[in-house]
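I opened the model to record how the protein meets the DNA, how the copies relate and how some helices pack. My entries follow in the order of the look-up.

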Protein chains: 2
Amino acid sequence: MSITLKQPEGATPRDCGECPIRHRAVCARCEADELEALDRIKYYRSFEAGRTVIWAGDRMDFVGSVVSGIATLTQTMEDGRRQMVGLLLPSDFVGRPGREAAAYDVVATTDMVMCCFRKAPFEEMMLRTPHISQRLLEMTLDELDAAREWMLVLGRKTAREKIASLLSIIARRDATLKLGSLQGPIVFDLPLTREAMADYLGLTLETVSRQISALRKDGVISLEGKRHVTIPDFHRLLEEAADDGDGGLLT
Amino acid sequence: MSITLKQPEGATPRDCGECPIRHRAVCARCEADELEALDRIKYYRSFEAGRTVIWAGDRMDFVGSVVSGIATLTQTMEDGRRQMVGLLLPSDFVGRPGREAAAYDVVATTDMVMCCFRKAPFEEMMLRTPHISQRLLEMTLDELDAAREWMLVLGRKTAREKIASLLSIIARRDATLKLGSLQGPIVFDLPLTREAMADYLGLTLETVSRQISALRKDGVISLEGKRHVTIPDFHRLLEEAADDGDGGLLT
DNA sequence: TCCGCACCTTGACGCAGATCAACATGAGGG
DNA sequence: CCCTCATGTTGATCTGCGTCAAGGTGCGGA
């Protein structure tokens, strides 16, 4: 009998002109001729939810952008303890120019499409194309800020605040992506399992579950099923996250 | 009576040629003419130990490099909880091109000298000088890696492992800086107070003190006074840090 | 020389979150 | 339709680290 592989189709764009991340990815500042040069070294790859894109330590002969879907960057210790160190959303860059091996496990948590560039030609092109390296610098600085903000969450926040922080990040992203407002209620699906949330937050999955239940009981969020979340009052959530300055309403 | 301000002198270089960080800072790849252009927009500033360089949220009209001494990047919550998000060593870059206000408190923990560039001309120069933005990209990617490694420490390591991790980082840096080997015993002075270590590690200063005492009792380290540390066996320390892969012996 | 202050250490105790364990829920497959 | 397995919830108990408290140490200044 023939097996029908669940093909994560859909988001693969026909060409850069109709690419959903055209104006946010590494290529954001490229001119037509530069896009054409990139086009010659690029290819698309699709991953099913749960598939590992690369294992830490493996040789990596490409870099690329997440086009659609979500991936995670995870570090694992010898005894099995795991810490997520990055959440890759559409337009985020994967891989590091000038490095042979992957530093972290990259796993697709939803069906995902990547736009990959062969590493050697990409590196060479970076030297000749300031538009690419300038944009990559900007994106890397943003990621560094995000990592540092996450250090505060990991080092100093309580379990409840950690959950609220994660929810507010996802809510904010979803609101801006769907052009929703942060005034009314926000509705979205959690893209992560409880275990993945625990890996992100430096908690156990039991604690994650308990704190989500507590936030639900206290009316900060409401749940339909296990993943579908409604935030009735975003400012209340920010208070629970002990998040001052409320992030300027944009990411 | 005349007050003699304790002038942190010494390390201010006469010109770029004899600058101690010439080959590791943002300017590492610059040619003579590029250095000359940088020279026109640069000035040195000295800070005594304990002085705040900038407060988070303050307008920042310069960027720059640490020439000598050590500074910390710290984030503070409204209720006073603090998390250090970066340790700035000689050659590290301070500030972010394209940003108006400082994102974190920057504090000199030892006497420190900075080589500052006026922000607007520096940003303009970056556009024309790929050598600068390429080097800055490389440094930012390194910092991102360091931040992510620190996320694992904050999220998943025990107090004892956290202390051992911090000591191994300082030991490794010191060994490479002084061209020492990692085979024999390593000797250095802690550049941080117990409180600063606690802020870095997401602990309280009492726990830091207790764990240092425990490591001393177990022979992993030995102490003369409160700051002068000897590591008799670096590999033992790495084991205590639960640090696999031992970092390849270089930074 | 002594004082004051910043920095550090150590002890007693409590609690947030980990651990261990049992059970619930729901989707996919035979 | 039921079984299985992945995922999630909830309870009981344990423990690592925080909190509160009481000194100790050593340097700079009067």
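**Entry 1: DNA strand C.** I began with polar contacts, taken as pairs of N or O atoms within 3.5 Å; within protein, one atom must be able to donate a hydrogen and the other to accept it, and residues adjacent in sequence count only if both atoms are side-chain atoms. In this predicted model, a backbone N or O atom of A:Ala159 lies 2.8 Å from a phosphate oxygen of DNA strand C. I found the side chain of A:Thr207 with an N or O atom 2.4 Å from a phosphate oxygen of this strand. For the side chain of B:Ser213, the corresponding distance to a phosphate oxygen of DNA strand C is 2.7 Å. Two elements give two or more residues to the surface near DNA strand C, H6 of chain A and H6 of chain B, and H6(B) supplies the largest share, 5 residues. Helices here are DSSP runs of H or I with at least four residues, numbered from the N terminus.

I then listed the surroundings, where near means a heavy atom within 4 Å. DNA strand C is surrounded by 17 residues, the closest being A:Thr207, A:Arg210, B:Arg194, B:Ser209 and B:Ser213. Sugar or phosphate holds 62% of the strand C atoms within 4 Å of the protein, and bases hold the rest. By class, I noted 3 nonpolar, 7 polar and 7 charged residues on the surface near DNA strand C. Nonpolar covers Ala, Val, Leu, Ile, Met, Phe, Trp, Tyr, Cys and Pro; charged covers Asp, Glu, Lys and Arg; the others, Gly among them, are polar.

**Entry 2: conventions.** Residues are numbered from 1 along each chain as its sequence is written, while chains are lettered from A and ligands numbered from 1 in the order in which they are written. Local features need pLDDT of at least 70 and side-chain atom pairs pLDDT 80 or more, whereas totals for chains, interfaces and linings use all residues; side-chain values use heavy atoms, with hydrogens and water left out.

**Entry 3: DNA strand D.** Which residues come nearest to DNA strand D? Of the 17 around it, they are A:Arg194, A:Ser209, A:Ser213, B:Thr207 and B:Arg210. I found a polar side-chain atom of A:Arg210 2.8 Å from a base nitrogen of DNA strand D, and one of B:Arg210 2.8 Å from a base oxygen of that strand. B:Thr204 places a polar side-chain atom 3.1 Å from a phosphate oxygen of DNA strand D. H6(A) gives the largest share of the surface near DNA strand D, 5 residues.

**Entry 4: the copies.** I noted that a turn of 180° with a shift of 0.0 Å along the axis lays chain B on chain A with an RMSD of 0.0 Å. This is the relation of a two-fold axis. The superposition is by least squares on C-alpha atoms of residues with pLDDT of at least 70 in both copies.

**Entry 5: helix packing in chain B.** Helix H4 (residues 159–177) of chain B packs on helix H6 (residues 205–217) of chain B at about 75°, with axes 9 Å apart. H4(B) is therefore roughly perpendicular to H6(B), a term for angles of 65 to 115 degrees. The residues of this contact divide into 8 nonpolar, 2 polar and 1 charged.

Terms used: Axes fitted to C-alpha atoms, helices over the stretch in contact; angles between N-to-C directions. Parallel < 35°, antiparallel > 145°, perpendicular 65-115°, else oblique.
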